2 protein chains.
Amino acid sequence: MKIALAQLNYTIGAFAANTEKIISTIKNARSEGADLVVFSELAVCGYPPLDLLEQKDFIDRSNQSICEILSHVKGIAVILGAPIVNEGLKGKNLFNSALFLNNGSIERIVNKTLLPTYDIFDEYRYFQPNENFEVINFKSNRIALTICEDLWYKQPLLTNFGKNKLYIVNPVKELANQDPDFIINIAASPFAYNHDKVKSEILSYNAIKFNLPVLYVNQVGAHTELIFDGASRVVDNNGKTVLRMPSFKEFVSYIETDGLKKENKIQIPPVPEEIEQIHDALVLGISDYFSKMGFKQAVLGLSGGIDSAVVLVLTCRALGPENVRVLLLPSQFSSAHSITDASALANTLGVKYDIIPIKEIFTQYLTGLQPAFGSLPSDVTEENIQARIRGTLLMAISNKFGNLLMNTSNKSEAAVGYGTLYGDMAGSISVLGDVYKTDVYRLASYINRDTEIIPKNTITKPPSAELRPDQKDSDSLPDYAILDKILFNYIELRKSENEIIAEGFDEKTVRRVFHLVNMNEYKRFQTPPILRVSSKAFGFGRRMPLVAKYN
Amino acid sequence: MKIALAQLNYTIGAFAANTEKIISTIKNARSEGADLVVFSELAVCGYPPLDLLEQKDFIDRSNQSICEILSHVKGIAVILGAPIVNEGLKGKNLFNSALFLNNGSIERIVNKTLLPTYDIFDEYRYFQPNENFEVINFKSNRIALTICEDLWYKQPLLTNFGKNKLYIVNPVKELANQDPDFIINIAASPFAYNHDKVKSEILSYNAIKFNLPVLYVNQVGAHTELIFDGASRVVDNNGKTVLRMPSFKEFVSYIETDGLKKENKIQIPPVPEEIEQIHDALVLGISDYFSKMGFKQAVLGLSGGIDSAVVLVLTCRALGPENVRVLLLPSQFSSAHSITDASALANTLGVKYDIIPIKEIFTQYLTGLQPAFGSLPSDVTEENIQARIRGTLLMAISNKFGNLLMNTSNKSEAAVGYGTLYGDMAGSISVLGDVYKTDVYRLASYINRDTEIIPKNTITKPPSAELRPDQKDSDSLPDYAILDKILFNYIELRKSENEIIAEGFDEKTVRRVFHLVNMNEYKRFQTPPILRVSSKAFGFGRRMPLVAKYN
C-alpha cells in the first residue's frame with residue numbers, strides 16, 4: 001500500500017486555509033497513486049488551540065471543515081486529526097481524535113489515549129482519554145492508528161523523585177494484540193534540541209518491541225512559543241529509520257508499506273547538528289510568528305553586543321533585511337566600539353539603522369525626578385531608566401511604522417533577572433529567551449562559520465550592559481560558563497541546590513544563583529513569549545508561584 | 001464529637017511558618033477540648049504550589065513538616081492536607097492527600113479523586129486520582145473524608161456545547177455507601193463573587209442527597225492572583241447552613257457533631273453583599289501580595305480618574321496610607337481638574353504625593369525621534385510615549401525606594417486593549433484587571449457609601465485617558481454599560497458573536513468588541529498578575545493562543 005505522509009504547517013483557527021491545504025494535498029496524493037494520505041494531530045484546527053477548544057463556534061467550524069474535506073475523499077483514504085465532541089454522558093467535552101475517512105464518510109474515529117499534561121502540555125484540560133482499542137482494516141492492511149503521546153507509554157520520568165511510570169495503559173500494546181501490519185502515529189510534537197534523539201529511540205523501541213513498522217507524521221511550523229520541527233519519519237520493524245523528512249519545512253513523502261518488513265537499505269540524510277537545528281528553529285519561529293500574526297516588519301535595538309547581533313541575523317534570515325530596521329541608542333556610558341560594531345553589522349546585512357542618543361532624554365528624567373530623589377546616590381534606578389528610554393524609543397518606532405519589536409534577552413539573563421522590565425525585557429517575541437549565553441556564542445560561531453558576518457569584536461569583547469561607567473556582566477554575575485551549568489542543572493534537570501553543590505560547584509555561587517532565579521519569577525511573568533528550543537523553557541511550560549517562600 | 005475547623009492563611013513553601021501555625025492551632029484546639037482539628041487542602045505547603053511540586057526538595061521539606069506536626073498529635077486527632085508521593089509503580093508522582101493523624105502516627109491517607117483541570121486549576125498536571133474509598137472510624141464516628149472538588153461530581157458545564165457531566169466517579173456516593181455519620185471536606189477553593197451561592201448549593205445538594213452533614217474547611221489568604229475567602233461552613237443533613245465562618249480572615253470554629261442530625265436553629269450571619277465581598281477580596285489580595293513577597297510600600301500614578309482613585313483607596317486599606325505614595329504626572333493634555341481631583345483624594349487619605357509634569361521629557365523624546373518620524377502626523381504613538389514616560393517615572397520611584405507599582409487598568413480596558421504596554425499596563429499587581437469598568441463605579445459608590453472619600457467629580461466626569469486634546473474613552477469605545485455586557489457574555493459566558501447579536505446587541509458593536517478582545521491577546525500576555533474575583537479572569541485561567549486566526 002502506498003501512503004502519503006503530509007508534514008504541513010497549519011495555523012490555529014485558520015479553518016479555511018488549513019482546509020484548502022489539506023484538500024489540495026489529498027488531490028496531489030491521489031494523483032501520485034497513494035492509497036492513503038496521513039495528516040498530523042489536530043490538523044483541521046492547528047495545534048495547540050488552547051482554550052479556543054472551549055468555544056462552540058470553534059468546534060462548529062472544525063466540524064464544517066471536516067465535512068468540506070470529506071467531499072474530496074474519493075479514490076483515496078485519509079487520516080486526519082481533529083477535536084471531536086464526546087457524545088457520551090460523562091467526561092470532558094472533547095476527544096483528541098484521528099479520523100479515518102474513506103469513500104466520502106468517516107469510517108472510524110480513533111481517540112487519543114495518553115494525554116500529556118505536563119510542561120507545555122495541558123491536554124487533560126480539554127480531552128477525555130480513550131479506553132477502546134481496535135485496529136483499522138483497509139485494503140488488506142491492518143493499521144494500528146495512534147496519536148502522538150500514545151507511543152510514549154515509556155515516558156521518561158519528569159521529576160527526580162518517585163519511581164513511577166507516568167501512564168497506566170499502553171495503547172500500542174492493546175493494538176499490537178490485534179495483529180496489525182504497522183503503526184501510524186499522527187503527532188504535534190514540538191522541537192527541543194535534545195528531543196530528536198529521544199523521539200527516534202521511542203519510535204525504534206515501539207517498532208522492535210511489537211515487531212511493527214512505525215509511520216510518524218508530525219506537523220511543522222511555529223505557534224507563538226512552540227516550534228514544530230516536522231522531521232517526520234518511518235521506522236521499520238527492526239527499529240531502523242528508513243525515511244526521514246526534512247526539519248522546519250513542509251514536505252510530503254510517499255512510502256510503500258509492503259516493503260517495510262523486509263531488510264531496508266535506504267540512505268537517510270544525516271540529522272543536522274544541534275546548533276544548526278536551533279538556528280533553523282529560531283528562524284522558523286520568527287517567520288511564522290510574523291506571518292501568522294499578519295506582520296512583516298521588525299525593529300530591534302542593536303547595542304554592539306552579541307545578543308542583539310545574533311537576533312538581528314536570525315530576524316533578517318526570517319523576514320529579509322529589507323523588512324528589518326534597527327536603532328542604535330547610545331548613552332553617555334556606551335563605548336565607542338558599541339556604535340562601530342553595531343553599524344558594521346547593520347551595513348553587512350544591509351539593514352537600515354538610525355542612531356538616537358538617549359543622553360538628553362535621560363537628563364530630562366533626572367531633572368523631573370530630582371525633587372523626589374534629592375541627593376540620593378545613583379544606583380540601579382538610573383540604569384533602569386536608560387533601559388526604559390530605549391524600550392520607549394523602540395516601541396515608538398514599532399507603533400509609528402508597524403514593526404514588531406524583537407526582544408534580545410537570553411536565557412541566562414532571564415533566569416537571574418539581569419534585565420529591565422519594560423526596558424530591554426520588552427518586545428513582541430523573545431528570540432533567545434530559551435538560549436543560554438554560552439549557546440548564544442555557539443550560534444554566533446555557527447553564523448560566522450564561513451565568513452565573518454557578526455563582527456569579531458562583538459564576539460570577543462566582555463559582555464556589558466553599558467549602563468554605568470566600565471560596567472561588565474561579570475561584576476554582577478558568575479562567569480557564564482559556570483552560571484549556565486548551574487542554571488541547566490536547576491531549570492532543565494530540576495536538581496536541588498544541595499545536589500548541585502555536591503557535584504562540586506561553589507556553594508555560595510549555587511545558592512546565589514538559586515536565589516536570583518527564584519526571586520525573579522515576577523520579572524519573567526511579564527516577559528514576551530519565548531521561542532522554545534529546549535526541554536524546559538521559561539514561560540508556559542514552567543509554572544512557578546510568584547508569591548512563595550523558596551528557601 | 002467536638003471538631004475544630006481551622007481556616008488559616010498559609011504561604012506557599014513557607015514550611016516553617018505553616019508548620020508553626022498548624023502546631024499552635026492543634027495545641028489550642030486540644031486545650032478547648034476538641035477531639036479532632038481539621039486543616040485545609042495542602043495546608044502543609046500552601047495551595048497552589050504549581051511546579052514546586054516537581055522539585056524533590058519541596059516534597060522532602062513537606063514530609064519533614066508532617067513529621068514535626070506528628071510529634072504534637074497527642075490527645076487530639078488531626079486532618080491535614082499535604083502532597084504525598086505515589087509509591088505505586090504507575091501514574092503521576094504525587095497524590096493530593098488528606099492525612100488522618102492520630103496518636104502520633106499517620107493512621108490513614110485519603111487521596112483526592114476529582115482533580116480539577118480547567119480554568120485556573122491544573123491538578124492533573126501533578127496528581128494521580130484516587131480510586132479507593134473507605135470511611136474513617138474515629139471515636140464511634142464514621143467520617144467520609146473528601147478533598148475540595150470531590151464534592152463537585154455535579155460540576156456545572158464549563159462550555160456551552162456538549163451534554164457531559166465532567167466526572168465519571170462520585171467519591172461522595174462511594175463513601176456514603178459505607179454509612180458514614182458526616183462528610184468532612186478540606187478545600188482550597190478560590191473566591192469568585194458569584195461562586196459563594198454555587199458553593200452553598202453544592203454543599204446542600206450533597207447533604208440532602210446523602211442525608212449527611214457536611215463540614216467544609218477552606219483556606220483563606222491570597223497567592224498572587226488567587227484569593228481564597230475562607231467562608232468555611234457546616235451544613236446539616238437537611239442542607240441547612242448551621243455555621244458560617246467569616247470571609248477573608250483567619251478563624252477557628254468549633255462544632256459539636258452529635259447535634260448535627262437534629263433540627264438546628266442557629267443564627268447565621270448574613271452573607272456580605274457582592275460588592276462588599278469584591279472590595280474585601282481585593283484588599284486581602286493586595287495585603288497578602290505585599291506581605292508574602294516581603295514588601296511593605298506601594299506607589300501608583302493618580303490621574304484624577306476613577307480607576308486609580310479606587311486602587312489608591314484599596315491599597316491604603318491594605319497597607320496603610322503611610323506606606324503608599326502617589327505621583328501626579330500631568331501632561332499638556334491633562335485637564336486642570338485631574339490635578340485638583342487627584343490631590344484632593346491624596347489629601348483626604350493622607351497619602352504623600354509628588355507632581356512631576358511630563359511635558360519636557362515628552363518634548364525630548366519627540367526631538368530624538370524627529371529624524372526617524374519626519375513630518376508624519378501625530379497618532380497613537382505619541383499617546384503611548386506619554387503613557388510610557390509615566391510608567392518609567394513610576395518605576396523609577398519603585399526602583400529607588402522599593403515601593404511596588406500598583407497597576408490601575410480595569411477589566412474592560414484589558415479586554416479591548418485600551419492601554420499602553422509598558423505604560424499604564426505596567427505594575428507588579430493588577431488590582432482591577434478582573435473588575436469591569438461598570439463595577440469600578442460600584443466599588444467607588446461602596447467606598448463612598450457613608451462619606452465622600454473619592455471626589456464626586458472623579459466619579460461623575462466622563463472617562464478619559466487625557467493623551468490628546470479633549471480625548472474621551474467614548475471616542476474609541478462603546479459606552480461601558482454596553483461594552484461590559486458584551487464582554488461578560490463573551491469572556492465569562494463564552495457565548496459566540498452570533499449568539500450575542502441574537503440577544504439584541506448591535507451587530508457592528510459586537511463584532512468590533514470581539515475583534516478587539518481577540519487581537520489584544522498579545523498585550524494581556526505581558527500584563528502583571530491580576531487579582532481574580534470573577535469566575536473567568538484574564539491570566540492563567542484563560543489560555544488563548546496569540547498566534548491564531550480568530551475569525
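Start in chain A of this predicted model. Select Ile275(A), Glu276(A), Ile278(A) and His279(A) in H5(A); opposite them, in H11(A), select Arg442(A), Leu443(A) and Tyr446(A), which they meet. Colour this contact by class: four residues are nonpolar, one is polar and two are charged.

**The crossing**

Now show H5(A) and H11(A) as cartoons. H11(A) covers residues 437-447. At what rough angle do the two axes cross? They cross at roughly 90° and come within 10 Å. Angles of 65 to 115 degrees count as roughly perpendicular, so H5(A) is roughly perpendicular to H11(A).

**The contact between the chains**

Next, bring both chains into view. The contact takes 84 residues from chain A and 86 residues from chain B. Stay on the side of chain A that touches chain B. Five helices of chain A are worth selecting there, each giving two or more residues:

- H2, 56-70
- H5, 274-293
- H8, 359-373
- H9, 380-401
- H17, 521-525

Which helix gives the largest share? H9(A) does, with 13 residues. Recolour the side of chain A that touches chain B by class. It has 43 nonpolar, 24 polar and 17 charged residues.

H5(A) is thus a stop on both legs: it meets H11(A) within its own chain, and it is among the helices on the side that touches chain B.

**The axis**

Zoom out. Two copies of a chain are related by a rotation about an axis and a shift along it. Here, a turn of 180° and a shift of 0.0 Å along the axis lay chain A on chain B with an RMSD of 0.0 Å. That is the relation of a two-fold axis. Which residue of chain A has its C-alpha nearest the axis? Pick Gln526(A): its C-alpha is 2.2 Å from the axis. The same surface serves both copies, with 100% of the contact residues of chain A recurring in chain B.

**The sheet in chain B**

Switch to chain B and show its strands. Six of them form an open sheet, ordered S6-S7-S8-S9-S12-S13, with mixed pairing. Select the edges: S6 (136-138) and S13 (241-244) of chain B. Each has a single partner strand, so one side of each is left without a neighbour in the sheet. Look along the sheet for its twist, which averages 20° from one strand to the next.

End at the S6 edge. S6(B) pairs with S7(B), residues 141-147, in the antiparallel sense over three bridges. For a single pair, select Ile136(B) and its bridge partner in S7(B), Ile143(B).

Conventions. Residues numbered from 1 in each chain as written. Chains lettered and ligands numbered in written order. Predicted model: local features only at pLDDT ≥ 70, side-chain atom pairs only at ≥ 80, totals over all residues. Least-squares fit on C-alpha atoms with pLDDT ≥ 70 in both. Contact = placed C-beta atoms within 7 Å. Pairing = 2+ DSSP bridges. Helix = DSSP H or I, 4+ residues; strand = E, 2+ residues; numbered from the N terminus. Axes fitted to C-alpha atoms, helices over the stretch in contact; angles between N-to-C directions. Nonpolar A, V, L, I, M, F, W, Y, C, P; charged D, E, K, R; others polar. Parallel < 35°, antiparallel > 145°, perpendicular 65-115°, else oblique.
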